[in-house]
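Hi there,

Here is the structure I promised to pass on to you. Have a look at it first, and my notes follow underneath.

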Amino acid sequence: MTKFLFSKVIILLLFTTNIQAYRFTSDFLNGFYWQSFPVQMQIFVNENSQGSLLSSLVNQAVNAWESEVGREIYSVPASYNVGSSFGNNIRWSKNFAAETGFDPSSTLAVTTRRTSGTYIGQVEVVLNAEFPGMLTNSGQILYRTILHELGHVIGLDHSEVSQVVMASSLTSATSLQGDDSLGVNAVVDEALYRQSIGFTSELSSSDEKNSPAACGSVDLGGGDGGGLPNILLSLFLGFILILSPKVLRPTRKFFPDQLT
């Protein structure tokens, strides 16, 4: 019994020592994933004058992520649409608070994913058109925001590492860092594995859509996402991983990087 408990403590320590690292979104952790790659997305703007810049930056960000995994994971046309959005999309909002529920004075964007069955069925990235500099990409603020949100699109949550693209607050990083690269490769590898075996989440239902999961707010709080609350959360998740492997580890490959 003592050896058993000791082995579990070792596993827990191995998990929690990686506190300063990339994380997966809650829906991805619960077994939901994209049915196939690339994820088809469209760009929507409120007026033509916004289209060229937004389209260019989105495609630039797409290329940055795809170069890290060596495969196509997004499909975004070079053109853009003017008017109301639909399907998987990235768009501007002039009424950010009402549409997202987030503070427009500090939140730059929100990504919302909806699941259907075991799959992520719809994603929307809403950009805050009210925030100074966003519409003009002053200081590359729009590009950095888009780069961050595209990580959320495929299942990356906020990283515990500061000064990376997926940090919880906007950083000066204008290119993907080491932790971002590890994260995107891990989430894509896991999604491909689930696709290959036809994995079904234990929390899925084929006849109803799950509540949307909203994340990806990039604020200017200046924090690095660390601190005691997140350490305690990581400890809690570690215990859950040990005690409930069938829920959070439905396959041996579910957390390939964290547990090796």
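E190 and R194 sit 4 residues apart in helix α6, so about one helical turn separates them. An α-helix has 3.6 residues a turn, so residues three or four places apart point the same way. The side chains of E190 and R194 meet in a salt bridge, with N and O 3.0 Å apart; the term stands for a side-chain nitrogen of Lys or Arg within 4 Å of a carboxyl oxygen of Asp or Glu. E190 counts as buried, at 0% relative accessibility, and R194 is likewise buried at 0%. (Buried means under 20% relative accessible area, exposed means over 50%, and partly exposed is in between, using a 1.4 Å probe and protein chains only.)

Before going on, please keep in mind that this is a predicted model: local features need pLDDT of at least 70, side-chain atom pairs count only at pLDDT 80 or more, and totals for chains, interfaces and linings use all residues. Residues are numbered from 1 along each chain as its sequence is written, and side-chain values use heavy atoms, with hydrogens and water left out.

Back to the helix. With 20 residues, α6 reaches 29 Å from its first C-alpha to its last, close to the 28 Å expected at 1.5 Å a residue; the expected span is 1.5 Å times one less than the number of residues. Helices (H or I, at least four residues) and strands (E, at least two) are DSSP runs, numbered from the N terminus. Besides the salt-bridge pair, the buried residues of α6 include D179, D180, G183, V184 and V187. What covers the buried residues of α6 includes β1, α2 (26–29), α3 (48–69), α5 (141–154) and β9. Just after α6, G198 takes a positive phi of about 65 degrees.

**The other salt bridges**

How many salt bridges does the structure hold? There are 6. One of them joins E160 to R23, with the closest N and O atoms 3.6 Å apart. This pair links distant parts of the chain, 137 residues apart: E160 is in the loop between β9 (156–157) and α6 (178–197), while R23 is in strand β1 (residues 23–24). E160 is buried, with a relative accessible area of 4%, and R23 also counts as buried at 17%.

R91 and E124 form another, at 2.8 Å from N to O. R91 lies in strand β6 (residues 89–93) and E124 in strand β8 (residues 119–128), so the pair ties together parts that are 33 residues apart in sequence. R91 is buried, at 14% relative accessible area, whereas E124 counts as partly exposed at 21%.

**A buried asparagine in β6**

N89 also lies in strand β6. N89 is buried, with a relative accessible area of 1%. Its side chain reaches the backbone oxygen of G87 at 2.8 Å. Leaving aside neighbours within four places in sequence, N89 is in contact (heavy atoms within 4.5 Å) with M41, Q42, F44, V123, E124 and V125. E124 is thus a name you will meet twice here: as a contact of N89 and as the salt-bridge partner of R91.

**Helix α3**

α3 is among the elements that cover α6. At 1.5 Å a residue, its 22 residues should span 32 Å, and the end C-alpha atoms of α3 are 33 Å apart, which agrees. Its buried residues include L54, L57, V58, W65 and V69. S49, by contrast, is in α3 but is exposed, with a relative accessible area of 61%. The side chain of S49 makes a polar contact with the side chain of E47 at 2.9 Å. (A polar contact is a pair of N or O atoms within 3.5 Å; within protein, one must be able to donate a hydrogen and the other to accept it, and residues adjacent in sequence count only if both atoms are side-chain atoms.) The C-alpha atoms of S49 and L135 are 10.0 Å apart, with their positions 86 residues apart along the chain. After α3 comes G70, whose phi is positive, near 70 degrees.

**The chain overall**

The chain has 8 helices and 10 strands. Of its 260 residues, 47% count as buried. Among contacts between residues at least 6 apart in sequence, 78% join residues at least 24 apart.

Happy browsing, and best wishes!
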